[in-house]
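Student: I would like a close look at one part of this protein, taken slowly and set in the context of the rest of the chain. Please begin with the part itself and work outwards from there.

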Amino acid sequence: MATNRTFTMIKPDAVAEGNSGAIIKMIEEAGFRIVAIKKTLLTKERAGEFYAVHAERPFYGELCDYMSSGPIIPMILEKENAVLDFRTLIGATNPAQAAEGTIRKVFAKSVQANAIHGSDSDENAAIEGFFFFAGVEQF
Ligand code: DAT
Ligand code: MG
């Protein structure tokens with residue numbers, strides 16, 4: 001399988017509770033290399049842009065409020081089969097349905113405050129990575 005990249009961000013709940021170090025440890029121990037990383041804050045407008053695909057969903061407004069409520073840690077990650085393997089590592093969107101040992105099972109508080117994002121395709125991983133990091137920051 002080819003080495004490829006995915007995009008993730010540790011969400012405001014997990015950053016605020018001091019879980020980012022433990023989450024990054026799980027990510028590295030699962031074999032992902034950190035290509036780019038920073039701590040930053042989304043405005044509500046930029047959160048809305050990031051999640052534009054969900055604009056018609058009933059939870060969109062609350063999602064944008066939540067994602068702009070505190071610092072986040074976006075990262076680009078590299079590994080063989082990165083997108084699918086990372087979705088497996090983070091677990092289901094709803095932590096009540098997340099498998100044992102997944103990041104969301106361990107750290108998520110609710111469907112909304114679910115600790116971490118993971119891209120759903122190679123194409124979206126590239127788009128989302130460039131949303132936060134210039135090309136020269138991706139090494
Ligand atoms: P994922 O983050 O697993 O890719 P998604 O793309 O379907 O899930 O939704 C994006 C985020 O929106 C998700 O991480 C949390 C929030 N969300 C999804 N479904 C929700 C719901 N039914 N109620 C509240 N928030 C929801
Ligand atoms: Mg998604």
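Student: How many of the residues of β1 are buried, and is the strand mostly covered or mostly open?

Tutor: This is a predicted model, and what follows should be read with that in mind. Strand β1 is mostly covered, since 6 of its 8 residues are buried. The strand runs over residues 3-10 and has two pairing partners. With strand β3, which comprises residues 73-80, β1 pairs in the antiparallel sense over 8 bridges, and within that pairing methionine 9 stands opposite proline 74 of β3. With strand β4, residues 116-118, β1 again pairs in the antiparallel sense, here over 3 bridges, and threonine 8 has glycine 118 of β4 as its bridge partner.

Following the chain out of β1 leads to lysine 11, which is placed in the loop between β1 and α1, the latter spanning residues 12-16. Lysine 11 has 27 other C-beta atoms within 10 Å and therefore counts as buried, the threshold for that label being 20 or more. Once neighbours within four places in sequence are left aside, the contacts of lysine 11 are Met67, Ile72, Ala113, Asn114, Ala115, Ile116 and His117. UniProt, in an unreviewed entry, lists Lys11 under "binding site", together with Phe59, Arg87, Thr93, Arg104 and Asn114.

That list can be set beside the surroundings of ligand 1, whose shell consists of His54, Phe59, Leu63, Thr93, Val111, Gln112, Asn114, His117 and Asp120. By class, this shell divides into 3 nonpolar, 5 polar and 1 charged residue. Phe59, Thr93 and Asn114 appear both in the shell and in the UniProt list, and Asn114 and His117 of the shell are also among the contacts of lysine 11.

Arginine 104, another of the listed binding-site residues, is located in helix α6, residues 103-107. With 24 other C-beta atoms within 10 Å, arginine 104 is likewise classed as buried. Beyond four places in sequence, arginine 104 is in contact with Ile90, Gly91, Ala92, Pro95, Ala98, Asn114, Ala115 and Ile116. Asn114, Ala115 and Ile116 are therefore contacts of arginine 104 as well as of lysine 11, given that contact requires C-beta atoms within 7 Å.

Alanine 115, which belongs to both of those contact lists, deserves a further remark. Alanine 115 is placed in the loop between α6 and β4, and its phi is near 75°, a positive value in a residue other than glycine. Most residues other than glycine have a negative phi. Alanine 115 has 27 C-beta neighbours inside 10 Å and so counts as buried.

A second positive phi occurs beyond the other partner strand, at asparagine 81, where the value is near 55°. Asparagine 81 sits in the loop between β3 and α5, the helix of residues 82-90. Here the surroundings are sparser than the threshold for burial demands: asparagine 81 has 13 other C-beta atoms within 10 Å and so is partly exposed. The next residue, alanine 82, lies in helix α5 and is buried, having 27 other C-beta atoms within 10 Å. Leaving aside neighbours within four places in sequence, alanine 82 touches Asn4, Arg5, Thr6, Phe32 and Leu77, and that set leads back to β1, whose span of residues 3-10 takes in Asn4, Arg5 and Thr6.

To place the strand in the whole, the chain has 7 helices and 4 strands, arranged along the sequence as β-α-α-β-α-α-β-α-α-β-α. The radius of gyration of the chain is 14 Å, close to the 14 Å given by the globule rule for 139 residues, so the chain is as compact as a globular protein of that length. Of those 139 residues, 34% are buried. Among contacts with a separation of 6 or more, residues 24 or more positions apart account for 71%. In an unreviewed entry, UniProt lists residues 3-137 as "domain: Nucleoside diphosphate kinase-like", and this span is 41% helix and 18% strand, with its end C-alpha atoms 19 Å apart.

Terms used
Residues numbered from 1 in each chain as written. Chains lettered and ligands numbered in written order. Predicted model: local features only at pLDDT ≥ 70, side-chain atom pairs only at ≥ 80, totals over all residues. UniProt positions renumbered as here; feature names shortened; annotations may be inferred. Near = placed C-beta within 6 Å. Nonpolar A, V, L, I, M, F, W, Y, C, P; charged D, E, K, R; others polar. Buried ≥ 20, exposed ≤ 12 C-beta atoms within 10 Å, placed from the backbone. Contact = placed C-beta atoms within 7 Å. Pairing = 2+ DSSP bridges. Rg over C-alpha atoms; globule rule 2.2 N^0.38 Å.
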